[in-house]
Amino acid sequence: MKHTIIITGAGKGIGRAIALEFSRAASLNPSFEPLLVLISRTGSDLESLAAECDSQGVRTECIQADIADIQSLDPLVEGIMKRHGSIDCLINNAGVGRFGPFTELTEEDYQYTMDINLKGTFFLTQKVFPILEANRSGHIFFITSVAAEKAYPSSSLYSMSKYAQKGLVEAMRLYAVKCGVRITNVMPGAALTPMWGEIDEAMKDLMMMPEDIARPIVEAYLLPRRTSVEEIVIRPVGGDINE
Ligand SMILES: NC(=O)c1ccc[n+]([C@@H]2O[C@H](COP(=O)([O-])OP(=O)(O)OC[C@H]3O[C@@H](n4cnc5c(N)ncnc54)[C@H](OP(=O)(O)O)[C@@H]3O)[C@@H](O)[C@H]2O)c1
């Protein structure tokens with residue numbers, strides 16, 4: 001059965017791992033036919049990812065887009081509907097972090113973080129949800145963070161955006177429960193991705209890998225439709241890195 005799955009922030013890190021995990025699942029189960037709609041701002045990342053998915057026999061569409069560009073979201077979603085006929089899953093993964101002491105974060109850091117983590121996530125979800133609602137089926141994942149319910153010294157801005165994303169998740173549940181749409185809040189701890197920039201080897205040893213987060217997401221999607229995994233909290237075995 002065909003499943004049209006949108007993954008934002010697919011080009012790197014956790015989003016990329018989710019696309020590859022869906023491809024792996026499809027290669028193991030011929031009746032599962034995902035069509036992966038891969039979105040991020042860097043086209044070359046998407047093309048190399050699409051080639052990897054393709055090598056597993058999985059169809060992809062690459063869309064180079066900035067989710068914070070709200071005007072582009074209507075044509076983006078309309079285009080997906082026109083080309084593929086439906087949307088079954090939205091994975092709100094695109095997100096950014098600007099970290100540092102509270103007193104040093106700037107207005108530009110604030111705007112950049114909120115535009116992507118909040119505005120982009122909110123409005124893309126707003127465009128896609130009515131399609132799932134009309135189908136009385138579908139699944140929305142929000143990749144928030146353990147920072148959606150716990151503060152860390154250098155994460156004031158990031159935590160603020162992630163606590164707010166969690167607010168959106170809880171509001172969406174109230175709508176989704178009425179129409180058979182599943183909502184999953186994924187709260188990862190530290191995973192080794194480009195988001196962290198340059199880090200030392202000792203710190204890398206304390207982190208998860210992006211595929212560790214991708215696996216339970218795909219498993220939650222593939223569960224029978226009668227079952228909804230509401231939250232996935234996943235941490236390094238040694239606990240949080242208290243940066
Ligand atoms: N890594 C962790 O430890 C960790 C832990 C908890 C939660 N998370 C969350 O997991 C999600 C993914 O994080 P990650 O670590 O995989 O980050 P990452 O390695 O920096 O990858 C983020 C991806 O999102 C894309 N992206 C960023 N802004 C975008 C925008 N405005 N429009 C479209 N695409 C955009 C980036 O590509 P372009 O720059 O090319 O657009 C990139 O492909 C984020 O929401 C993050 O907050 C991460």
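**View 1. Glu21 and Arg24 meet in a salt bridge within helix H1.** In this predicted model, local features need pLDDT of at least 70, side-chain atom pairs count only at pLDDT 80 or more, and totals for chains, interfaces and linings use all residues. Residues are numbered from 1 along each chain as its sequence is written, and side-chain values use heavy atoms, with hydrogens and water left out. The Glu21–Arg24 bridge spans 3.1 Å from N to O; a salt bridge here is a side-chain nitrogen of Lys or Arg within 4 Å of a carboxyl oxygen of Asp or Glu. Both residues sit in helix H1, three residues apart, about one turn of the helix. Helices (DSSP runs of H or I, at least four residues) and strands (runs of E, at least two) are numbered from the N terminus. Glu21 is buried, at 8% relative accessible area, while Arg24 is partly exposed, at 31%. Buried means under 20% relative accessible area, exposed over 50%, and partly exposed in between (1.4 Å probe, protein chains only).

**View 2. Glu21 also forms a salt bridge with Arg215.** Here the closest N and O atoms are 2.9 Å apart. This pair ties together distant parts of the chain, with Glu21 in helix H1 and Arg215 in helix H7, 194 residues apart. Arg215 counts as partly exposed, at 37% relative accessibility. Together, Glu21, Arg24 and Arg215 are linked in a network of salt bridges.

**View 3. Helix H7 has a buried side.** This helix covers residues 210-222, and its 13 residues reach 19 Å from first C-alpha to last, close to the 18 Å expected. The expected span is 1.5 Å times one less than the number of residues. Pro210, Ile213, Ala214, Ile217, Val218, Ala220 and Tyr221 are buried. They lie on the same side of H7 because they cover an arc of only 155° around the axis, taken from the directions from the helix axis to the C-beta atoms. Their packing partners include strand E1 (2-8), helix H1 (13-28) and strand E6 (182-188), where contact means heavy atoms within 4.5 Å.

**View 4. Helix H3 has buried residues and an exposed face.** The twelve residues of H3 (73-84) should span 16 Å, and the end C-alpha atoms are indeed 16 Å apart. Leu73, Leu76, Val77, Gly79, Ile80 and His84 are buried. They share one side of H3, covering an arc of only 155° around the axis. The face turned away from that side carries the exposed residues Glu78 and Lys82. The buried residues of H3 pack against E1, strand E2 (33-40), strand E3 (59-64) and helix H4 (107-135). After the helix comes Gly85, with a positive phi near 85°.

**View 5. Lys162 is buried without a salt bridge.** Look for Lys162 in helix H5 (residues 156-176). The nearest side chain of opposite charge, Glu149, is 13 Å away; Lys and Arg count as positive and Asp and Glu as negative, with His and the chain ends not counted. The side chain of Lys162 does reach the backbone oxygen of Ile143 at 3.2 Å. Leaving aside neighbours within four places in sequence, Lys162 is in contact with residues including Asn117, Thr144 and Ala148.

**View 6. Arg173 and Glu170 form a salt bridge in helix H5.** Their closest N and O atoms are 3.0 Å apart. Arg173 is buried, at 14% relative accessibility, whereas Glu170 is partly exposed, at 31%.

Methods: A polar contact is a pair of N or O atoms within 3.5 Å; within protein, one must be able to donate a hydrogen and the other to accept it, and residues adjacent in sequence count only if both atoms are side-chain atoms.
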